[in-house]
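Please walk me through this structure. I am new to it and would like a short report.

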Amino acid sequence: MSALESTVPELVIEAGHSEKHYWLDLWRYRELFYILSWRDIKVRYKQTAIGAAWSIIRPLLTMIIFTIIYGKLAHFAKDEIVPYAITVYAAMLPWQFFANALAEASNSLIGNSNLITKIYFPRMIIPASSVIVSFVDFGISALLMILLMAWYHFLPPVQVLLLPVFVIMTFLASFGTSLYITALNVKYRDFRYIIPFIVQFGLYISPVGFKSSKVPEQWRLLYSLNPMVGVIDGFRWCIVGEPIYLPGFLASCAVIIFFCIIGIRYFRKTEKTFADNI
Amino acid sequence: MTLPAIKVEQLSKKFIISHESQERYTSLRDVIANQAKRLTRRTRKGGSGPAKEEFFALNDINFEIFPGDRVGIIGRNGAGKSTLLKVLSRITEPSSGRITIRGRVASLLEVGTGFHPELTGRENIFLNGAILGMARSEIKRKFDEIVDFAEIEKFLDTPVKRYSSGMYVRLAFAVAAHLEPEILIVDEVLAVGDAQFQKKCLGKMEDVSKNEGRTVLFVSHNMNIIKTLCNKSILFAGGKLIKSGSSSEIVKSYLDFGDHGDKVYTHKMGGKELRINNVEINGSKAATVALLSQLIFKIDFEASSFSGDCEFFILIYNDEGVCVQGIFQTDTGQYAAVRSGAGSIKVTLDNNLVPGKYYVSVGAFDRFKSFLDWVELCESFEVQSVYDDGRIFRERLGLSLGRATWEA
């Protein structure tokens, strides 16, 4: 082969062949990933009057309502040193991220079906970019946390420096679950209806308005099988110094990792037929 | 020796059609219900599974394309052209066989694939470029050239949802035309857009392959464009490769193809409420007519669920695929009153055609100009080079003749 010919990339397409270069391909298409994320962020609040303020207003209002209901009416805020609003908001942040990511990503493949049926790229880019969009929202909402702390003159404990670890954990929890559900959604459109439902009641079965220490001791490990329990506990530990329940936290981590693995596996297994099924 | 740019060996793509579900997607309920059914069936020991049928969209395809070739892919609807392009551009996997591609592939599939209506022209250039596989730096470098080519300078910062369809196509093609893939795949996008721009695109595509040695694969129903643009062509029918060779030869076989195969009318549009099922010309299936004589078309149709006013039309194509005559019933200011059931209509026309072989498409509109049916290239006839009194025709310029009165 001459020098000229060797510069031309050679590609072989065979049944079942795409497996081998998957991760390399994903890297090669990173630029598409950036631009799709950028597109989703850019159009997210187009033609809305208050734009990105939505990503502050939604968690803010939910936080206020939860603070009143759980803190004042249910008296969960009794003998608390930390302002209850901060305790609630520390949980609201990861929960909103998770819920948004799940809702956005589960419809992402179907929403981009015109791309999927017409061009090739590693399909994982699409749900990943919708998780990124929710992450940007998360970043904006996090600014409100700083304002809230200033308002209450509250200084977080030193472990707040470990917060990025828990952010990554939230990210993985959202990404793994989203991959699984979006792939299922291509085949079974039922998931379009299941997701809003999960997001709705998930808010109540996750320790957003209350602390997970309110759960009776003997049920706590079981309760931690909800991956968001571990994530929220982690956030609370970093921000308000609430002691972490280690066995439960590890259980949540295990569930997150489990979901990531089956999410990726199922996604990759079905990915090749997306264009035929969508 | 140069290696082929694309080498396809024993390629097949199989779909499983399940006859039980009419829906485009399965729902969980159906799956659960079917599993349950299967269980009960198993216990009863009998009954067959759901009716499934294998369907080969591509069946044992072999061909080679060399660098710098401009190849036209020809075939009727459902012949497997689009599936081939999808497999080549890695959107779906083949069921068996092997394809070796040397070089980057980029496809220009449909107008504005990947455009986002809310984004501006400028932003969409970057988005579309990335989707087609260009690097950011590459797009930046060619940005001005793209804008120039698309002729949209003034609207760069307008969201593309406010673009006219012509501008949309121009922008889409401009981005794709500035790709530098070794292999470019084009699927009939040029159908839209104004004639001047079409010309420019065709020029650009020719340029790309002739001067830069790049390979172009082009799918179109327009035989004229195929003939001018492509030096080689491949003909598909029913998922099989029928013939490949020089474009003029393949276009001719495509147009002739109807004569050899069993006559199945291809309904390009409609064909549901009203269905044209037979067309005869001068009482024959392979009429030969003299110059300046008369053509009598008899169109048989079945109106299953339509009754009312209806406008028939006839399009006549020459063997280069150019539509030389369009004859519409409302040219006479009339409609045909169609009652449900079988019917037939007779059309008498002065033959103004020059000698050669002609192909006929026939169709019908309702009063609101929506298609009731349109059968494509269903019949053919030949105009001989003699007049009806036996005199021989003298070759000349022009695509049509006319019976004129000459007075001194």
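Which residue is the bridge partner of Glu14(A) in β4(B)? It is Arg98(B). This is a predicted model.

**Where the chains meet**

The Glu14(A) bridge belongs to a strand pairing between the chains. β1(A) and β4(B) pair in the antiparallel sense. The pairing runs over 5 bridges.

The wider interface brings 31 residues of chain A into contact with 36 residues of chain B. On the chain A side, four elements give two or more residues: β1 (10-14), α3 (30-44), α6 (113-116) and α13 (274-277). The largest share comes from α3(A), with 6 residues. By class, the residues on this side of chain A divide into 14 nonpolar, 4 polar and 13 charged.

**Chain A**

Chain A has 13 helices and 1 strand. Its elements, read from the N terminus, begin with a helix, then the strand, and go on with helices to the end. The C-alpha atoms fill a box of roughly 80 × 45 × 40 Å along the principal axes. Chain A has 278 residues, and 40% of them count as buried. Now take the contacts in chain A between residues at least 6 apart in sequence. Of these, 81% join residues at least 24 apart.

**The largest nonpolar core**

The largest nonpolar core holds 167 residues. Six of them touch the most other members: Val88(A), Phe235(A), Ile73(B), Ile74(B), Phe218(B) and Val360(B). Helix α5 (residues 84-111) of chain A supplies the largest share of this core, 17 residues. The core also draws at least three residues from each of domain 1 and domain 2 of chain B.

Take Phe235(A) as a case. Leaving aside neighbours within four places in sequence, Phe235(A) is in contact with Ala90(A), Ala91(A), Leu93(A), Pro94(A) and Phe166(A).

**The two domains of chain B**

The domain assignment of chain B gives domain 1 (57-104 + 181-259) and domain 2 (266-387). Their C-alpha centres lie 29 Å apart. The contact between them takes 11 residues from domain 1 and 9 residues from domain 2. On the domain 1 side, α7 (223-229) and α8 (247-260) of chain B each supply at least two residues. α8(B) gives the most, with 5 residues. By class, this side of domain 1 has 3 nonpolar, 4 polar and 4 charged residues.

**A helix that is largely enclosed**

Why is helix α3 (residues 121-131) of chain B largely enclosed by the rest of the structure? Because 9 of its 11 residues are buried. Among them are Gly121(B), Glu123(B), Asn124(B) and Ile125(B). Leu127(B) and Ile131(B) are buried too. What do the buried residues of α3(B) pack against? They pack against α3 and α6 of chain A, together with α4 and α5 of chain B. Both α3 and α6 of chain A are also among the elements on the side of chain A that touches chain B. Just after α3(B) comes Gly133(B), which takes a positive phi of about 100°.

**Positive phi in chain B**

Two residues of chain B other than glycine also have a positive phi. The table gives their values.

| Residue | Phi | Place in chain B |
|---|---|---|
| Arg90(B) | near 65° | loop between α2 (81-88) and β4 (96-102) |
| Glu151(B) | about 55° | loop between α4 (136-150) and α5 (165-177) |

Are these residues buried or partly exposed? Arg90(B) has 22 C-beta neighbours inside 10 Å, so it counts as buried. Glu151(B) has 16 C-beta neighbours inside 10 Å, so it counts as partly exposed. The loop of Arg90(B) leads to β4 (96-102) of chain B, and β4(B) is the strand that pairs with β1(A).

**Cys310(B)**

Cys310(B) lies in strand β14 (residues 308-318) of chain B. It counts as buried because 23 C-beta neighbours lie inside 10 Å. Not counting residues up to four places away in sequence, Cys310(B) touches Leu274(B), Tyr335(B), Ala336(B), Val338(B), Ala364(B), Asp366(B) and Leu372(B). Ser361(B) is 51 residues from Cys310(B) along the chain. The C-alpha atoms of Cys310(B) and Ser361(B) are separated by 17 Å.

How values were computed
Residues are numbered from 1 along each chain as its sequence is written. Chains are lettered from A and ligands numbered from 1 in the order in which they are written. This is a predicted model: local features need pLDDT of at least 70, side-chain atom pairs count only at pLDDT 80 or more; totals for chains, interfaces and linings use all residues. A residue is buried if 20 or more other C-beta atoms lie within 10 Å of its own, exposed if 12 or fewer, and partly exposed in between; C-beta atoms are placed from the backbone. Two residues are in contact if their C-beta atoms, placed from the backbone, lie within 7 Å. Ala, Val, Leu, Ile, Met, Phe, Trp, Tyr, Cys and Pro count as nonpolar, Asp, Glu, Lys and Arg as charged, and the others, Gly among them, as polar. Two strands pair if DSSP finds at least two bridges between them. A nonpolar core is a set of buried Ala, Val, Leu, Ile, Met, Phe, Trp, Tyr and Cys residues joined through C-beta atoms within 7 Å. Domain bounds come from an automatic or database domain assignment.
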